[in-house]
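Thanks for asking me to look this one over. My comments follow as short numbered points, best read with the model open beside you.

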Amino acid sequence: MKQSDSNGETESATPRPIKEGKIERREVLQGLSSLPTLGLFGYSLCRQAAYEDAQDRQRQPTSEPTARRPAIQVALLGAGAQGEVLLNSMLRIPGLYVRAVCDIWTEYNLKRTVNTLKKYKIEANGYEDYREMLEREKDLEAVVVATPDFWHARHTIDCLRAGKHVYCEKEMSNSLEDAGQMVLAARETGRLLQIGHQRRSHPRYQHCYRKLLREANLLGRIVTAYGQWNRSVKPDQGWPKRYAIPEERLKQYGYPSMAHFRNWRWYKGMGGGPIVDLGSHQIDIFNWFLGSPPDYVTASGGTDYYDPKTHEWYDTVMAIYEYSTPAGKARAYYQTQTTNGSQGYFETFMGDQGTLVLSESEAAYSGAIYREVSAPAWDEWVRRGYITGPKVQTVRQDSQIPLDVRESVSPDEHRIPVHLTVPYHQSHLENFFQSIRGEARLNCPAETGYETAVTVLKVNEAVEAHRRLSFRPGDFRVPS
Amino acid sequence: MKSETVLFSPIQKMALALLRITIGWHFLYEGVVKIRKPGWSAAGFLLQARGPAADIYHWMAENPDFLNVINEWNKWGLTLIGLGLMVGCLTRLTGSAGIILLMLYYLCNPPFVGYFYSLPAEGSYLIVNKNLVEATALLVVVVTRAGRFFGLDLILSGRSRRSDSNKQQAIAAVGE
Ligand SMILES: NC(=O)c1ccc[n+]([C@@H]2O[C@H](COP(=O)([O-])OP(=O)(O)OC[C@H]3O[C@@H](n4cnc5c(N)ncnc54)[C@H](O)[C@@H]3O)[C@@H](O)[C@H]2O)c1
């Protein structure tokens, strides 16, 4: 397009004569003319930020409820991956004040967490040594423990003895003896000890247990259960080299090297491998839904894929439990493998009248129940809103194959209309803090956590023993 | 200079300035959102990389030192590029940096023939997606030097033109 330029700012074929040392006023004005868009941006951003802040305040209304009752002063002990997840949930729970954070990785995890809290205008004190924290922070009422499994017992017991209520991550401990000591410490001190099997507070699991199994008995007589957690290959956890912990401090806290410190899950004496890490959540549900701990366990497992030097615990485990439930015998199969994530994690319970499939996740297996054709109709439960109406089955129009009379008709699928609307761990933490205020009872007290630890840790023994191991009824209880 | 000979009508200049400002706005907001969100990280995005360069992206995500750098560069890069484009300051520099960023995003999840993504996209793409369109639009901003239209570059280029001509005069004087 050829167009002669009437205003002087644009370049034209013949450059304008330039006035020495003077920028033209029109040039300056035009050059500055897009600055007001910044103002518009700033204004829009402030409006947007105000809305977001309002939503945040809804999530953590610190002022209003605390006016009625004093905030619970809480500390986080262990600010790693899970510590961060728990902290994010705690920030959404009204009536809490995170007073202190303790972590031995002072140059990285501790720093990051204290800084994150600052962004929420929370001034938390950071500590390397939990004993110093307990000594100095007199007003602490509760401690949330998310350190590696082999530290749980010492941390929990010392906190209980210092008069704090404790939320301790699963697995309660990697040693049963230590787990037993934790139960005793809770009993002696009269403080609350909640173990982090968060499905116990998940509204869908509670709905299934209370309404579908106990009240409506939709599954009838449960004979088998199945659970799995399949996880893709994961590289070892690395660390930023310049933030490596000095060797001396590592040794002091029981870690031979940074690699052990980061990948403690895989080492004997520190963690328990995937069966403990992943399996314990779901085996806990077997015990809960079947109404009793098992009589026997058989298991097979090994480090089949990873290097056994760095992965002392089994990367693949398959276990079979035998139960004597109040309703009769039942068997439960559990598998965890860490080389393929297909079909993820879920649990299935199969009775003579129906099948329940559920998981913690909202993405996959978020809850379905299937009615056996011979079972009584479920319309009543649909009307009450316990389950949705059956999914309409569509027959493929292009199918040329006539239906075979021998085939059993596939059961109706109903969905479970209960969903988790908060982060995974929030409900369980809420249950803990409500219990401290006397407004609820713990959903996973020390005794329950212990029962699960006994059930789960036995699998690793059974793998080694290559035979069926039995539990004695006394195994699941800690004598006073 | 060659581009000096190009003529734009006022309406064309306005359109180019508008293009520059809207792209700048988008960059700026993407940057500000990430800065405001505590603990934001590019790790998730990098880990789901597909295509010919996927290995490089995965390596970035799994290398904590590098990831930190990437996160900071990304946050502040987006913000500064956004600011620069909006006010039309050093547009050729900020615009080119913007194109590089966009191409890095594009190559992370390229909608090439034969790659199938599980995440739902908000449109349908074959090779060309919105990242590529935005990068191309930025290219237009860069090559037309759209910072001179209603932007600070007008003042800056005015300065340099003058100092250029001063220099030429000086050279001419020396030659005499
Ligand atoms: N409930 C769940 O779904 C769930 C999920 C993940 C992890 N967990 C549990 O949470 C715990 C932590 O796991 P993670 O994945 O966060 O591990 P991690 O290695 O990421 O974090 C552990 C943190 O504890 C710190 N630490 C180690 N020893 C310490 C000590 N003696 N004193 C103070 N701090 C110490 C480390 O510096 C690190 O920051 C484990 O018990 C794990 O089983 C539970």
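1. Which residues come nearest to the ligand? Bear in mind that this is a predicted model. In it, 29 residues surround the ligand, and those that come nearest are A:Gln82, A:Asp103, A:Asn109, A:Asp149 and A:Tyr255.

2. Have a look at the polar contacts next. A:Gln82 uses its backbone here: one of its backbone N or O atoms sits 2.7 Å from a ligand oxygen atom. A:Asn109 uses its side chain, with a polar atom 2.7 Å from an oxygen atom of the ligand. In A:Trp264, a side-chain N or O atom is 2.9 Å from a ligand oxygen atom.

3. How much of the ligand does the protein bury? On its own the ligand exposes 860 Å², and 93% of that is buried by the protein. Two elements of chain A give two or more residues each to the surrounding shell: helix 4 (81–90) and helix 7 (149–161). Helix 7 of chain A provides the largest share, with four residues.

4. The make-up of that shell is mixed. Sorted by class, twelve of its residues are nonpolar, eleven are polar and six are charged.

5. Now for the domains. Chain A is split into domain 1, covering 2–191, and domain 2, which is assembled from 201–231, 278–420 and 447–476. Where they meet, eleven residues of domain 1 of chain A contact ten residues of domain 2 of chain A. About 820 Å² is buried between these two domains, and carbon and sulfur atoms give 67% of this area. On the domain 1 side, A:Lys170, A:Glu171 and A:Leu176 together supply 59% of the area buried against domain 2, more than any other three residues.

6. Two of those residues deserve a second look in your viewer. The peptide bond leading from A:Lys170 to A:Glu171 is cis, and its omega is near -10°. A:Glu171 itself belongs to the loop that joins strand 5 (165–168) and helix 8 (176–189) of chain A.

7. One last backbone detail: which residue other than glycine has a positive phi near 55°? That is A:His466. You will find A:His466 in the loop between helix 16 (446–465) and strand 15 (469–470) of chain A.

Note on methods: Residues are numbered from 1 along each chain as its sequence is written. Chains are lettered from A and ligands numbered from 1 in the order in which they are written. This is a predicted model: local features need pLDDT of at least 70, side-chain atom pairs count only at pLDDT 80 or more; totals for chains, interfaces and linings use all residues. Side-chain values use heavy atoms; hydrogens and water are left out. A residue is near a molecule or strand if one of its heavy atoms lies within 4 Å of it. A polar contact is a pair of N or O atoms within 3.5 Å; within protein, one must be able to donate a hydrogen and the other to accept it, and residues adjacent in sequence count only if both atoms are side-chain atoms. Accessible areas come from the Shrake-Rupley method with a 1.4 Å probe; for residues, only the protein chains shown count as cover. Ala, Val, Leu, Ile, Met, Phe, Trp, Tyr, Cys and Pro count as nonpolar, Asp, Glu, Lys and Arg as charged, and the others, Gly among them, as polar. Domain bounds come from an automatic or database domain assignment. Contact means heavy atoms within 4.5 Å. Buried area is the accessible area (1.4 Å probe) that two parts lose on being put together, summed over both.
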